[in-house]
Amino acid sequence: MIEMNVMGIALDTRSGTPIVVLNDLDNRKALPIWIGSAEASSIIRKIENIPSSRPMTHDLFIDLIEQSGQTLKHVEINDVSEQTYFATIVVENMNGEEIYVDSRPSDAIAIAIRGKAPIFISPEVMAKGAISINSEKDKQEEAEFKEFIKEVKPSDFEKLINKNFESDT
């Protein structure tokens with residue numbers, strides 16, 4: 001799982017639909033997820049520290065978790081199918097057991113930022129939906145890899161395999 005932060009909310013210029021943008025901790029990849037207006041508003045209110053006179057739905061969820069003696073561990077965006085993302089909210093109960101709650105990613109993200117819980121993305125979801133946000137670093141790594149490939153010999157792999165074999169015995 002890859003830990004991500006909320007970069008912010010953007011609007012799809014074609015449809016006007018809100019997009020929550022997550023980025024990895026190295027600021028190399030971003031994952032845009034189209035969400036509803038209510039969830040976007042909830043995420044923005046928390047990011048911008050805009051108070052509300054009464055608890056919002058995601059605030060109630062956090063209050064319920066905490067007042068029942070449970071702990072919000074993290075949220076996971078763990079699947080995508082036909083441009084629909086799926087998430088799980090992971091809560092630890094008083095016995096130390098983890099409870100997995102199916103969720104929309106937008107709700108999971110809104111809850112995670114309120115509960116100061118990490119947001120994780122599965123490698124499969126990253127592979128399907130993430131975009132590069134640091135093309136200079138990508139180009140540099142590509143050039144380094146091409147240089148490495150030019151100089152590597154089959155005997156280098158044999159040495160590596162033998163070294164690993166010796167350390168296993």
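Strands E1 and E2 are paired in the antiparallel sense over seven bridges, where two strands count as paired if DSSP finds at least two bridges between them, and where helices (H or I, at least four residues) and strands (E, at least two) are DSSP runs numbered from the N terminus. The two strands form a hairpin with six residues between them, and Gly16 in the turn has a positive phi of about 75°. Leu11 has Pro18 in E2 as its bridge partner. The model described here is predicted, and local features need pLDDT of at least 70, side-chain atom pairs count only at pLDDT 80 or more, and totals for chains, interfaces and linings use all residues. Residues are numbered from 1 along each chain as its sequence is written, while side-chain values use heavy atoms, with hydrogens and water left out.

The hairpin strands belong to an open sheet of eight strands with mixed pairing, in the order E6-E5-E4-E7-E1-E2-E3-E8. Because strand E6 (98-103) and strand E8 (131-132) stand at the edges with a single partner strand each, one side of each is left without a neighbour in the sheet. Helix H1 (residues 37-47) packs on the sheet, touching strand E1 (2-11) and strand E2 (18-24), and its direction makes about 110° with that of E1; contact means heavy atoms within 4.5 Å, and the axes are lines fitted to C-alpha atoms, for helices over the stretch in contact, with angles running from 0 to 180 degrees between N-to-C directions.

Strand E7 pairs with E1 in the antiparallel sense over three bridges, and Phe120 of E7 is the bridge partner of Glu3. With strand E4 (residues 71-81), by contrast, strand E7 (residues 119-121) runs parallel, joined by three bridges, and Ile77 has Ile121 in E7 as its bridge partner.

Ile77 and Ile121 also appear, with Leu22, Leu31, Ile33 and Leu72, among the 29 residues of the largest nonpolar core as those touching the most other members. Such a core is a set of buried Ala, Val, Leu, Ile, Met, Phe, Trp, Tyr and Cys residues joined through side-chain atoms within 4.5 Å, with buried meaning under 20% relative accessible area, for a 1.4 Å probe and protein chains only. Helix H3 (residues 105-115) gives the most to this core, with six residues. Ten of the eleven residues of H3 are buried, including Pro105, Asp107 and Arg114. Leu72 touches residues that include Ile111, Ala112 and Gly115, not counting residues up to four places away in sequence. Just after H3, Lys116 takes a positive phi of about 50°.

How values were computed:
Buried < 20%, exposed > 50% of the residue type's maximum accessible area, 1.4 Å probe, protein only.
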